[in-house]
Amino acid sequence: MTSIPADTPPSPAPDPVRRRVDDEALARCAEEPIAVPGAVQPHGALLAVSEPGLEVVVASANAAQVLGTDPAGRTLAELLVPAELDRLRAALAADLSEADPLRVAPGGAELDLVLSRSGDLLVTEWEPVAGAGQAGAAWHRRLPTVLQRLSAPTSLEGLTGVLAREVRALTGFDRVMVYRFDAEWNGEVVAEDRRPDLEPFLGLHYPASDIPAQARALYATNWMRLIPDATYTPVPLEPPLVPGTGRPLDLSGAMLRSVSPVHLEYLANMGVTASMSVSLIDRGRLWGLIACHSYSGPHRPSYADRTAAEFLGRTASLLLHTTVAAGDRDAAVGVTRREADLVGAIGRSPRTPAAALVDGEVTALDLLPAAGAAVRLDGRLHLLGRTPPAERVAAVVPAVLRAGGVTDALGRDVPGAADLAADASGVLAVEVGGARGDFLAWFRPETPREVSWGGDPRTSKVVAGRLSPRRSFARWTETVRGTSRPWHEHEVAAARALATHLGEAVLARAGEDDRLSAALQRTLLLEELPKVPGVALGARYRPSEADVVGGDWYDLVPLPSGRLAIVLGDVAGHGLSAAAVTAQLRHALRASLLRDEGPAAALTELNRLVGALLPGEMATAVVAQLDPATGELALANAGHLPAVHAGDGGARLVTDGRGPALGLLDDADYGQTALRLDAGDRLLLYSDGLVERRGRPLPEGLEVVREAVAAGAGTPQDVVDAVVATLDPPGTDDVTVVGLARV
């Protein structure tokens, strides 16, 4: 395993450096059983005893020497005097995590007895009082003043500086550092107090491999770790396996737990003879460490002084979040003010939110410190400032969203995006609810910077199948590229809040549009079919289950000549805009049909109107004009699906008389085909929602319609209902079907 430097700091190590370390050795390191080393450090003794009998089950090999009496085969009741035993039983009846060490003297010499549990066993650790360094009562009387100094700073630099000075004054180590972890568990020394003749470590970075994941897990649960003599020889536990379990004793919570040999080698390479660390935990997550080093020989602070140091670490941990937040407060206030401005602009123009974010006095780019921004709403992408090309934005932002939405190293987190570093090493992206694929994104360019490491991290080697720590910790500097200034929590929160407000506005607008368009479309549908002598009619309209109004419409227009025009059309698109276009086309086509010049002439005129007054819109339509007296029928088709003519026991698709969709060409002359509708014949018109299916070719769907019409019997309404039931169209689109027959 690599080291657990109670003093070695971590921060961003570049990928190429980390990848040069042997992966297999790192894996073996991560699997090393550091929680069950089978040994303890020699500055104290360990006894694991049963409860409630307190019989000794496992003992460290030095127990007799430390306790002054051999504990083998005995109980704690035999090792302690009655008063000591009473205090022990009182501690066991309470919360062990709150128990102070018991001062006992089983062999005459005073020991601090510390209690914890491991599985079903009570772990007792016995540490001699003699030989421990003492800060003395003077420092402890200063504790209120020290706490006041800790809480006074309004910056992280101030807080950690006080913490390093006071922990060193308390514990007497030659060097005390505070270092914090970054998002990848590299570390940086952010504060230091040292003996004047020592080389400064302030500002140095250390790779994540210096403190492997399992060691960090222990730091997150055990606040304190002490190695009084880094040259110690481990003391084995006897027996090595807990009787009756076949497993080694778990020492995760033991202060005497022996550490990895690799860590001891790491300390030796640094010239460290003793070390101590105190965890810094911010809201449940390991934030960093207070790392203490001695270079002048073994050093063991007293238990009381270590407890005081841990108390300072716990207090500083509680202050971390508010102190860091205080440093960001001014920037956060500015971001919040701009967020409020943008939300207000969206509220004032709910129908055009994109314009509010892109063209307003305050734009989306102004929300956060960034070089560029992207706004994608209603499927349209708007770019502000310095961004990657539109096609790259459309590809990169969804990838960032899938990876969590925030990165300050795009080239590392999104494959194939390293070439965008100059514009977008940092990306903050948030989804906008209410429209699939819409988003807001901000971009930051790379900020090349020099990083000084505590030794060249590439010099770690694999020796005899395990990772061997580097030997030199001399300052080693490199230029790191491909990363941007990191995104702060308040910036991420503001981006997400704006996206939430925007999503609510989009949903509210969509809901209002749906209500308006549904009301408009209802005005386009006939409440009842007209009574036309000699003609039987049937119709069925089924709206989309998604409650998104489409562009389907149908119409029956009695003409001055006595003939009847039957229309079925479909405008491209959905929602309010499609419904509005549908209304215009329906009324314009009615006016053209009433001239009674035939369906082809009516569609030709309607196409000219679309080109002149509705550029960019497109629709399909089929018009049939029937003479009820003779059965003569003229049919013209503008890009619509073919009608079905059933008679003489069969049915066929009417593919003649077809022309381009309305709006596709500025000037198109439509033709028409002539049919005869004999008594009993049926004609069926329908929209694409009846036949189109994902994964099924359209010709297959048309053949199913033809067969269903051929098999239909009864009135036109019966045939219409039977066809809809047979095809059972999905509810993803509007379905409109109109049938007619001569009677």
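Which residue in S29 is the bridge partner of Ala646? The points below address this question and the surrounding elements of what is a predicted model.

1. The pairing in question. The bridge partner of Ala646 in S29 is Ala651. This pair belongs with the contact between strand S28, residues 643-647, and S29, where five bridges join the two antiparallel strands.

2. The sheet. S28 and S29 are part of an open sheet of five strands, whose order is S23-S33-S32-S28-S29 and whose pairing is antiparallel. Strand S23 (535-542) and strand S29 (650-654) are the edge strands, each of them pairing on one side only. On average, and with direction ignored, neighbouring strands of this sheet are turned by 15 degrees against each other.

3. The helix across the sheet. Helix H21, formed by residues 716-727, lies across three strands: S23, strand S32 (682-686) and strand S33 (735-742). Relative to S23, helix H21 runs at about 30 degrees.

4. The S24-S25 hairpin. Strand S24 (residues 552-558) and strand S25 (residues 564-571) run antiparallel and are joined by seven bridges. One of the bridge pairs places Leu556 opposite its partner Ile566 in S25. The two strands form a hairpin with five residues between them. Within the turn, Gly562 has a positive phi of about 95 degrees.

5. Burial of S24. How many of the seven residues of strand S24 are buried? Six of them are, and the strand is accordingly described as mostly covered.

Notes:
Residues are numbered from 1 along each chain as its sequence is written. This is a predicted model: local features need pLDDT of at least 70, side-chain atom pairs count only at pLDDT 80 or more; totals for chains, interfaces and linings use all residues. Side-chain values use heavy atoms; hydrogens and water are left out. Two strands pair if DSSP finds at least two bridges between them. Helices (H or I, at least four residues) and strands (E, at least two) are DSSP runs, numbered from the N terminus. Axes are lines fitted to C-alpha atoms, for helices over the stretch in contact, and angles run from 0 to 180 degrees between N-to-C directions. Contact means heavy atoms within 4.5 Å. Buried means under 20% relative accessible area, exposed over 50%, partly exposed in between (1.4 Å probe, protein chains only).
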